[in-house]
Amino acid sequence: MDFNLFKKIIDESVKYNLFSIRLSFRGEAFLNKHIFDMIKYAKDKGIKEISTLTHGGFLDEEKFQRLID
């Protein structure tokens, strides 16, 4: 998903007290080059729970640290 479209969806959704989102359906969420920006944007907008599904193959120590941060 285009990052600007994602931001528009989040901006609109938080008006209705969106609590949680899942950043995947079928496919590997960490193939998206903006995934960390998407997570941060959603958290900064007040979304409490952000989840995704992954097989973990694209994650390394640095990426795990970014998720924790």
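Trainee: Which residues does L23 touch, not counting residues up to four places away in sequence?

Mentor: L23 touches F6, A29, I35, M38, I39, I50, S51 and T52, where contact means heavy atoms within 4.5 Å. This is a predicted model, in which local features need pLDDT of at least 70 and side-chain atom pairs count only at pLDDT 80 or more, while totals for chains, interfaces and linings use all residues. Residues are numbered from 1 along each chain as its sequence is written, and side-chain values use heavy atoms, with hydrogens and water left out.

Trainee: What makes the largest nonpolar core a core, and which residues have the most contacts inside it?

Mentor: A nonpolar core is a set of buried Ala, Val, Leu, Ile, Met, Phe, Trp, Tyr and Cys residues joined through side-chain atoms within 4.5 Å, and buried means under 20% relative accessible area, exposed over 50%, and partly exposed in between (1.4 Å probe, protein chains only). The largest such core has 15 residues, and those with the most contacts inside it are F6, I10, I21, L23, F30, I35 and A42. Helix α2 (35-44) gives the most to this core, with 6 residues.

Trainee: Why is L5 called partly exposed?

Mentor: L5 has a relative accessible area of 41%, and since partly exposed covers what lies between under 20% and over 50%, L5 is therefore partly exposed. L5 sits in helix α1 (residues 3-14), helices being DSSP runs of H or I with at least four residues, and strands runs of E with at least two, numbered from the N terminus.

Trainee: How do you know that K45 and D11 form a salt bridge?

Mentor: A salt bridge is a side-chain nitrogen of Lys or Arg within 4 Å of a carboxyl oxygen of Asp or Glu; the closest N and O atoms of K45 and D11 are 3.4 Å apart, and the pair therefore counts. K45 lies in the loop between α2 and β2 and D11 in helix α1, so the pair ties together parts that are 34 residues apart in sequence.

Trainee: Why is K15 called exposed, whereas E12 is called partly exposed?

Mentor: K15 has a relative accessible area of 58%, so K15 passes the mark of over 50%, whereas E12, with 39%, falls in between and is therefore partly exposed. K15 and E12 also form a salt bridge, with the closest N and O atoms 3.3 Å apart.
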